[in-house]
Every structure is written in C-alpha cells, then in structure tokens.
Amino acid sequence: MPSATAWLQIGGIHRIHYTSPGAVMEPSSSIIVVGASAGGVTSLEQLVSGLPTDLLGAVFVVLHIPPDAVSRLPQILSRSGPLSAVHPQDGDRIRPRQIYVAPPDHHLLIDGDRIGVKKGPRENRFRPSIDALFRSAAYTYRTRVIGVVLSGVLDDGTSGLWSIKRLGGITVVQDPEDAAHNAMPLNALEQVEIDHSLPARDMGPLLARLSRQGPAAASETARDPDRQMEIEVAVAGGGNAFARGIMECTELSPFTCPECHGALVELKEGNVTRFRCHTGHAFSKSALLAGVTEAVDHSLWQVTRALEECVMLLEQMARDLQERGQTAEADRVLRKARDTERRASALQVITLQHEHLSEEALRDPPEAK
C-alpha cells in the first residue's frame, strides 16, 4: 500500500515532508526495530540466528558505532542467520524478510513504506539514534511495531520504547542478566511497561511468533501521535526544530545544550523528562548529565592549556627583557610566570580528578566500576 504523505507549510517559507500516522507496508507485515550499544553485536547475532526465512516483517537495526567507523554489521548479521542484512539507501522501499542496518553517522528512519537515511541532529549524543528509529516506526506503523532493546550503556531506546507502547505496539528487552552491559535494558524495564524480557538467543522465535500474530491489540491506554512526536520525527529526518515549533511545545528548562549551547526545552513522557534544543539535539537526563560533565572536562583542559601558554609567553618576555639588560623588569615578569605556572599545575590536578558522570555511573557500586 502506498505511504500516506503530506506537506506542511510553516510560516509561508518552510516546507517539511512528513508521513501521516497509520501508513502501512503490507497488512500482514510487522516492523521490528532493534537497538543496541556496547556489547550489542553478540546479542544481535543471537537474535537474528533465530529468525525464520519466512518472517512476516522487516527488521531495522541501530547499533551505536563511531561516526568515522566502517560498519561490517550487515555482513556479520547476514552470516549469523537466514535473512540478508544491508545498509539501505535513503528512499529505499521496505521489503519483508530483510534486515536494514543503520549506516555510520546517519539516522535510520521509517517513512511510510520507504526508508529514511538522514543526518538529522544527534540524539542522546548519538547518530544513529535508537530512539529516533523507534519513534519514527511508532509514528507510522503504530500497532504493527515490535521494539527491542538489547545490551548497552546509558538509556538510548527507552524513550522510543515508551512511544511504541504508547501507540499500541509491543515492547521487548533483553534480560539484563543476559546482557554484556545491562543499563539499556534496566532503564527500559524501569521506565516503560515491557511485554517481554528474555535472553537474546530466545528472541528470534518470539519475534517470529509475534509477527505471525499480526498487529498488536491496542490497549485501552494507547494514544494517537501528538504534535511533539510529529515534530521529533521530522527533526530526526533533518526538519528544522525551531521552525516546526519545538519551543512552543513545552516549558523552557534552565539548562543549555552541551552540543551547541542552545536553550533546552523539557519534554514529558509519562513520569520521565527529556530535553531538546531549538537546533534539534535531544537528551535524556542521563545523556545530558554525561554531555555536561564532558563539556566541563573540555573546558578545564582549555583553561589549563591557556594558562600554560601564558607561562610560555611570560618566559619569552622575560628573556627578551634580560637580553636588553632590563634585569629588574625581567625578574618581575618571571615571578608572574611562576605564579601562573603554579595555578596551571593546581588546575591540572583538578582536571585529572574530574569525573564523567551519568545515571549509570552513579548507580553502579564502587567495586563494579
């Protein structure tokens, strides 16, 4: 069935393409979206090994990798199970029984019966973002979506699972005891109503069974997409968050974006608060804390570097004065250099002691760090 699409005119000057909610690929097909981070390759191999050749749906995978890395994940997953895995091109039509893997430094999105491969703003400090994929799937396919969170650190995927559940889809997480890194599954279990939690090796048969059952029966609490979700789906695809009205959706926060220093608004999802800036970057509380402490680390090293440059410049000035026979002036400048050097050394000690924080780091017992 063709995708239902529309064009939204904003302020008479900005046009953004978006997909209407409820568009379908095939009446009998499911959209399975899977997110993983640290330790996730093994979990993904185990999951795809159990998928059948006649899977009634398509699988979309986001794995966090560095933006400049070369991803071999399609080859790895193709060898691990009966289904072929590929890096899709922007605009490719969705095909059943196919695994689509997010390319490095690009969001993988679902746009009706087409695939979006976009360089929208980073979310939770990642591109590709698990939440961005999950949200776009929920927005388009609603009860046909099955969301899966595997091994990983921090909490990417939790917001996306919340959106899937809110719109009537099915939620699945890897058993935290089975995950190499359990933070992503634990965060999802704590903040979202999860339908299934099981080891990765058992997920293939479960997903096959769920896809054969067809669309999930929407619960009484299932909702339609709202304006906030529409904006966030468009922003992940490169839409202008400010022009779309993100600043009008909710209240301003006292925080600034660690990526661009723009103002952050608070986004509510049940009892959970997230943040998005007017240029489009998005953060969970844990990701924002990690970004802020990383920015502090960067700033401390910048100040340390600047103080050491002052020392070198003052020493050069003292040598020039000494060569001109201005001994008293040279000694005064050299004393100032030594004072600055002591301050730089003290600051470097503070810099080396600076902690990178996140909710996961605060949760772990000291002996586990």
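Which glycine follows α7, and is its phi positive or negative? The residue is glycine 238, and its phi is positive, near 105°.

## Model and confidence

The structure discussed here is a predicted model, and the protein averages a pLDDT of 88, with 88% of the residues scoring at least 70. Over residues 1-25, by contrast, the pLDDT is below 50, although this stretch has 63 contacts in the model beyond near neighbours in sequence.

## Helix α7 and the four-stranded sheet

Helix α7, which spans residues 227-236, lies across β13 and β14 (272-277) and runs at about 125° to β13. The helix is mostly covered, since nine of its 10 residues are buried; the buried set includes the charged-letter positions Glu230 and Glu232 as well as Gln228, Met229, Ile231 and Val233.

The strands beneath this heading belong to an open sheet of four strands, ordered β12-β13-β14-β15, with antiparallel pairing. Each of β12 (252-256) and β15 (282-284) stands at an edge with a single partner strand, so one side of each is left without a neighbour in the sheet. From one strand to the next the twist averages 35°. At the β12 edge, the antiparallel pairing with strand β13 (residues 263-269) extends over two bridges, and threonine 256 has alanine 263 in β13 as its bridge partner.

## The hairpin of β7 and β8

Strand β7 (residues 107-111) is largely enclosed by the rest of the structure, because four of its five residues are buried. Its antiparallel pairing with strand β8 (residues 114-118) runs over five bridges, and within this pairing leucine 109 stands opposite glycine 116 of β8. The hairpin formed by β7 and β8 has two residues between the strands, and there glycine 112 takes a positive phi near 65°.

## Two buried positions in helix α11

Threonine 340 lies in helix α11, which covers residues 327-353. Its relative accessibility is 5%, and because the cut-off for a buried residue is under 20%, threonine 340 counts as buried. When residues up to four places away in sequence are not counted, threonine 340 touches Leu307, Cys310, Val311 and Leu314.

Valine 333 also has its place in helix α11, and with a relative accessible area of 13% this valine is likewise buried. Leaving aside neighbours within four places in sequence, valine 333 is in contact with Leu314, Met317, Ala318 and Leu321. For the last of these residues a separation can be given: valine 333 and leucine 321 are 12 residues apart in sequence, and their C-alpha atoms are 9.0 Å apart in space. Leu314 appears in the contacts of threonine 340 and also in those of valine 333.

## Nonpolar cores

The largest nonpolar core has 31 residues, of which Val33, Phe60, Ile94, Ile110 and Leu161 touch the most other members. Helix α3 (residues 130-141) gives the most to this core, contributing seven residues. Another core, of 30 residues, lies apart from the largest one and has Ala36, Leu47, Ile65 and Leu83 among its members.

How values were computed. Residues are numbered from 1 along each chain as its sequence is written. This is a predicted model: local features need pLDDT of at least 70, side-chain atom pairs count only at pLDDT 80 or more; totals for chains, interfaces and linings use all residues. Side-chain values use heavy atoms; hydrogens and water are left out. pLDDT is the predictor's confidence in each residue, from 0 to 100. Contact means heavy atoms within 4.5 Å. Buried means under 20% relative accessible area, exposed over 50%, partly exposed in between (1.4 Å probe, protein chains only). Two strands pair if DSSP finds at least two bridges between them. Axes are lines fitted to C-alpha atoms, for helices over the stretch in contact, and angles run from 0 to 180 degrees between N-to-C directions. A nonpolar core is a set of buried Ala, Val, Leu, Ile, Met, Phe, Trp, Tyr and Cys residues joined through side-chain atoms within 4.5 Å.
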